[in-house]
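Subject: Structure for you to look at

Dear colleague,

Here is the structure I said I would pass on. Please open it beside this message.

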Amino acid sequence: MSIGHPHLVAEITEEILRSGPITFARFMGLALYHPLFGYYMRQTEGISEEQIGWSGDYYTSADVHPALARALARQIRQMDDLLGRPDPFTIVEMGAGKGLLARDFLAACAEATDSFRHRLRYVLIEHSPAMRACQQNHLAPWLDSPGTVSWVNELEQSPTGSVTGVMFSNELVDAFPVHRIRIEQGEPKEVFVAYQDGRFEERLQALSTPDLSESLRRLASLGVTLPDGYTTEINLHALAWMKDVARVLGRGFVITIDYGHTAQDFYGPDRPKGTFLCYYSQMASESPYSRVGLQDMTAHVDFTSLAVTGQEAGLHVTGFTNQMSFLMGLGVEQMLESLEPGSAEFQSIIQLLRPEGMGRTFKILIQHRGITEPQLDGLQFKPFFGSALAATAGSNTDVNR
Ligand SMILES: C[S@@+](CC[C@H](N)C(=O)[O-])C[C@H]1O[C@@H](n2cnc3c(N)ncnc32)[C@H](O)[C@@H]1O
């Protein structure tokens, strides 16, 4: 099996030979986002379809059916009402991939007869040039209405408090590079990547940054302790991102959809090797050291840490649910009633809902700022863990209110 993209492998090995073993997070960051050769950064024509979609390395809810986009449209229209129909109402979608959710969301909103369509500004932030090009194709019908759809290179470029509306992502946070740690004789050690005899190898070393110790202290305060031999991930990038999202949102909501868990489940006894996986041609593997730059890499999301970090930055937790409950709260059953039960479309929606699949694997965290006690249709059905973040986010909060 190939070790990976030859130019990328050469770049990574040169860095290791120059400065010694690199953290796993640095390795994953280069594998996915090296500016020229990273998995998401190569500019080969059609590569976005080779990566995300039925014939790609993996697919997302957006590939399955527009039902999620339609539910989001309904949920976001309600958020717009709760915010008093501001002009402009801005949606920032981060990591939009091929732009299918944006396309289907805008199509769902095109039917609106009130002012929403005219007040709406849809801003996409996307690292990958190939995905950005794909987004431009899919959103071509909206590019004629000046200002409706636009692109920003980096969230960091957005001014503080500049967004009134919604900051949204689907499967973005799982694509951030993660640090990997392993507990040895009661001590956390970090996984570094070395290069020897023509292949990448792991080395355990001291933690590369005090931020990891701080994260572990915070997890301990939530009752999470990791036994000897336990290997897992800490997504520092996600915490920095959440702080930046909180900085940019002036008034409104953050909707984060991804596969993940509460901290107690993420770091529980069922996951002694963590959640890190690679995807290539719809097949999962645990091996990051082959097909480097040619396969996707991902780790599940610790939603408790996201919620707590958001809380510290002024975002209140509105609620935490799963995709099945979210879609049910937003009228998916009516959508199903209008379809033939045996039809392909019916089956696609069922795939989004299936409790043993996408319906429960995908979680939805909604946070808010500058609005009091919002009640959202998408949060009306609370799964058993619905209040789990409330228990961990401290008593000075208005969690789930
Ligand atoms: C797993 S894909 C998700 C695609 C899409 N949201 C969907 O639902 O199909 C992750 C996307 O996030 C992009 N991405 C990763 N980090 C990013 C960042 N910091 N800012 C913007 N986009 C990012 C990647 O280039 C990729 O297109």
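Below is what turned up in it, by topic.

Please keep in mind that this is a predicted model.

Ligand site. The ligand is surrounded by 18 residues. The closest of these are Thr60, Gly95, Gly97, Ser128 and Asn170. Sorted by class, the shell consists of 10 nonpolar, six polar and two charged residues.

Helix H15. This helix covers residues 344-353, and Ile349, Leu352 and Leu353 in it are buried. Viewed down the axis of H15, its buried residues fall within an arc of 100°, so they line one face of the helix. As background, an α-helix has 3.6 residues a turn, so residues three or four places apart point the same way. The cover over the buried residues of H15 includes five helices: H4 (61-64), H5 (67-82), H13 (323-329), H14 (332-337) and H16 (358-361).

Backbone exceptions. In general, most residues other than glycine have a negative phi, and most peptide bonds are trans. Three places depart from that pattern.

- Asp87 and Pro88 are joined by a cis peptide bond, with omega at about 0°. Pro88 sits in the loop between H5 and strand S2 (89-94).
- Asp197 is not a glycine, yet its phi is positive, at about 50°. The residue belongs to the loop between strand S7 (187-196) and strand S8 (199-205). Asp197 counts as exposed because it has 5 C-beta neighbours inside 10 Å.
- Gln282, also not a glycine, has a positive phi of about 65°. Its loop lies between strand S11 (277-280) and strand S12 (283-285). Which class of exposure does Gln282 fall into? Gln282 has 12 C-beta neighbours inside 10 Å, and a residue is exposed if it has 12 or fewer, so Gln282 counts as exposed.

The sheet with S11 and S12. The two strands on either side of the Gln282 loop belong to an open sheet of three strands, ordered S12-S11-S13, with antiparallel pairing. S12 and strand S13 (296-298) stand at the edges with a single partner strand each, so one side of each is left without a neighbour in the sheet. On average, neighbouring strands here are turned by 30° against each other, direction ignored. S11 and S12 run antiparallel and are joined by three bridges. Cys278 has Ser285, in S12, as its bridge partner.

Regards

Terms used. Residues numbered from 1 in each chain as written. Predicted model: local features only at pLDDT ≥ 70, side-chain atom pairs only at ≥ 80, totals over all residues. Near = placed C-beta within 6 Å. Nonpolar A, V, L, I, M, F, W, Y, C, P; charged D, E, K, R; others polar. Buried ≥ 20, exposed ≤ 12 C-beta atoms within 10 Å, placed from the backbone. Helix = DSSP H or I, 4+ residues; strand = E, 2+ residues; numbered from the N terminus. Arc of directions from axis to C-beta. Contact = placed C-beta atoms within 7 Å. Pairing = 2+ DSSP bridges. Axes fitted to C-alpha atoms, helices over the stretch in contact; angles between N-to-C directions.
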